[in-house]
Amino acid sequence: MFTNSLAFAVLVASVAFAHDLKKTCVVPAIGGGEDDGPAINAAFERCSHSSKIVLDKYYVVDTLLLAKDLYNVEIELSGTVQYTPDIAKWSPQSLYLVYQNATTFWFLSGKSIHLYGGGTLDGNGQVWWDTFNNTHNAGTAGGSSTTFARPIPLTVGNATNVVVENIRQIGSPFWNNFVYQSTNVTYRNIHIRSQSYSSSPTANSDGWDIYRSSHVNIRDSVVINDDDCVSFKPNSTNIVVANMWCNGSHGISVGSLGQYAGETDIVANVSVTNITMLNAQNGARIKVFGGNPDPSSTTGGGTRYVKNITFADFHVEDVDNPILIDQCYSTNTAVCAQYPSKLSISDVHYVNVTGTSSGSEGDVVVDLECSDTCEDITAEGVRIAPPNGTATYICKNIASTAQLNFNCTVLIDL
């Protein structure tokens with residue numbers, strides 16, 4: 001019966017769109033909890049060039065979705081894709097992406113792809129969060145592990161000229177979106193909600209993580225989660241993040257970087273503008289591992305730089321660390337003092353960062369702590385108030401404070 005279902009699962013029709021004759025694959029749902037993954041994959045193969053794929057039903061997916069080598073393809077997701085909560089199956093089945101042991105339910109790859117439609121990606125994350133809360137089976141720095149995969153609902157990987165818009169994402173087991181080794185990728189009007197309905201918190205529920213990618217634009221979106229709203233992982237360049245509303249997050253973060261000894265990590269040319277950050281652990285954050293003498297370390301020792309980063313028109317409310325540079329991220333204080341970070345930070349600018357801190361760090365509202373000297377750090381129009389008292393601004397190893405519009409309390413290593 002399964003074979004017969006798959007045989008006619010993809011309906012094909014020729015439809016004219018604009019000036020091109022396009023083939024359309026409409027994917028029906030089997031129903032009854034049966035796996036719709038093979039039918040969706042069949043559509044990706046049959047309508048892989050100058051075509052349209054329609055996902056307008058409720059789909060149960062228990063099979064890795066591989067959409068590779070697409071060219072000039074529209075994917076209309078107006079229904080719901082819900083991944084099964086089968087940890088034992090997905091741990092070996094999801095596609096392994098190496099960095100921090102990340103894996104994915106859906107790998108979307110090719111050129112000139114448009115994913116849209118107002119539909120939903122449902123990661124069924126509660127079972128992963130509950131299990132993780134009991135086992136704490138994670139990799140270094142909170143990454144995934146090779147024995148307990150937590151797949152990402154959508155990875156745009158090895159792709160160019162991709163637009164993802166008007167999509168809702170709920171319940172991701174791990175990061176919600178991964179931009180992996182891709183260029184010219186745009187997301188807009190994405191609504192993300194990763195919230196637990198048990199005593200187990202969500203884990204690593206980043207809205208976006210960008211890795212080895214350039215010319216990425218994320219805008220006009222809402223993220224409700226418990227980790228980074230957007231994170232710029234190693235070798236992310238020419239990035240624009242604009243018009244975002246983030247609630248409960250760990251901030252918009254450069255990093256973490258420098259985790260792997262001997263690896264080259266670069267984040268450069270990043271513009272973050274018009275952000276509302278509410279009830280968050282961090283606001284505008286840069287997080288870099290310290291150094292490490294072990295040449296095979298996975299807890300620091302990476303090299304290269306963070307450069308030309310601007311956070312502008314950034315409003316914070318009830319945020320623990322509204323502005324934070326941490327160049328000893330996840331690194332023992334004594335180790336970091338002896339082995340400062342090998343990854344430099346320079347040309348970082350804060351413009352019109354305003355609002356209130358939560359008071360969890362007392363009256364500290366800005367904390368710029370570098371283990372090695374950070375160059376060309378500027379601030380103008382920074383106006384952040386703690387709940388009580390007078391705002392305090394911490395600076396450590398900042399080459400010059402002359403272009404900061406606040407008076408630093410300078411920390412010195414003894």
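**Figure 1. Ser221, a buried serine in strand E15 of the predicted model**. Ser221 has a relative accessible area of 3%, so the residue counts as buried. Strand E15 covers residues 213-224. Two backbone atoms lie close to polar atoms of the Ser221 side chain. The backbone nitrogen of Ile190 is 3.0 Å away from such an atom. The backbone oxygen of Arg219 is 2.9 Å away from one. Beyond neighbours within four places in sequence, Ser221 contacts Arg188, Asn189 and Ile190. Trp208 is also in contact with Ser221, as are Asn243, Met244 and Trp245.

**Figure 2. Asn177 and its surroundings in strand E12**. Strand E12 runs over residues 177-180. Asn177 is buried, at 1% relative accessibility. The Asn177 side chain makes a polar contact of 2.7 Å with the side chain of Gln169. Residues up to four places away in sequence are left out of the following contacts. Asn177 touches Ile152, Leu154 and Gln169. Tyr187 and Ile192 are further partners. The run Asp206, Gly207, Trp208 and Asp209 also touches Asn177. Trp208 thus appears in two views: Ser221 contacts Trp208, and Asn177 touches Trp208.

**Figure 3. The salt bridge of Glu165 and Arg188**. The two side chains meet at 2.8 Å, N to O. Glu165 lies in strand E11 (residues 154-170) and Arg188 in strand E13 (residues 183-193), so the bridge ties together parts that are 23 residues apart in sequence. Glu165 is buried, with a relative accessible area of 12%. Arg188 is partly exposed, at 29%. Arg188 is also one of the contacts of Ser221.

**Figure 4. A salt-bridge network of Asp228, Arg285 and Lys287**. Within the network, the side chains of Asp228 and Lys287 meet at 3.1 Å, N to O. This pair links distant parts of the chain, 59 residues apart. Asp228 sits in the loop between E15 and strand E16 (230-232). Lys287 belongs to strand E20 (residues 282-289). Asp228 is buried, with a relative accessible area of 1%. Lys287 is buried too, at 4% relative accessibility. Salt bridges link Arg285 into the network with these two residues.

**Figure 5. The salt bridge of Lys57 and Asp56**. The count for the structure is eight salt bridges. In this one, the side chains of Lys57 and Asp56 meet at 3.0 Å, N to O. Lys57 is partly exposed, at 37% relative accessibility. Asp56 is partly exposed as well, with a relative accessible area of 31%.

**Figure 6. The disulfide of Cys395 and Cys408**. The sulfur atoms are 1.9 Å apart. Cys395 lies in strand E26 (residues 392-398), and Cys408 in the loop between E26 and strand E27 (409-411), so the disulfide ties together parts that are 13 residues apart in sequence. Cys395 is buried, with a relative accessible area of 2%. Cys408 is partly exposed, at 21%.

**Figure 7. The left-handed disulfides of Cys328 with Cys336 and of Cys370 with Cys374.** The sulfur atoms of Cys328 and Cys336 are 1.9 Å apart. Their torsion about the S-S bond is -80°, and the link is left-handed. Cys328 is partly exposed, with a relative accessible area of 26%. Cys336 is buried, at 2%. In the other pair, the sulfur atoms of Cys370 and Cys374 are 2.0 Å apart. The torsion there is about -110°, so this disulfide is also left-handed. Cys370 is buried, with a relative accessible area of 1%. Cys374 is buried, at 1% relative accessibility. The structure holds five disulfides. With the bonded cysteines numbered in sequence order, the pairing is 1-2, 3-4, 5-6, 7-8, 9-10.

**Figure 8. Helix H2, largely enclosed by the rest of the structure**. H2 spans residues 37-46. Seven of its ten residues are buried, so the helix is largely enclosed. The buried residues include the run Gly37, Pro38, Ala39, Ile40 and Asn41. Ala43 and Phe44 are buried too.

Notes: Residues numbered from 1 in each chain as written. Predicted model: local features only at pLDDT ≥ 70, side-chain atom pairs only at ≥ 80, totals over all residues. Heavy atoms only, no water. Disulfide = S-S within 2.5 Å. Buried < 20%, exposed > 50% of the residue type's maximum accessible area, 1.4 Å probe, protein only. Helix = DSSP H or I, 4+ residues; strand = E, 2+ residues; numbered from the N terminus. Polar contact = N/O pair within 3.5 Å; in protein donor to acceptor, adjacent residues only side chain to side chain. Contact = heavy atoms within 4.5 Å. Salt bridge = Lys/Arg side-chain N within 4 Å of Asp/Glu carboxyl O.
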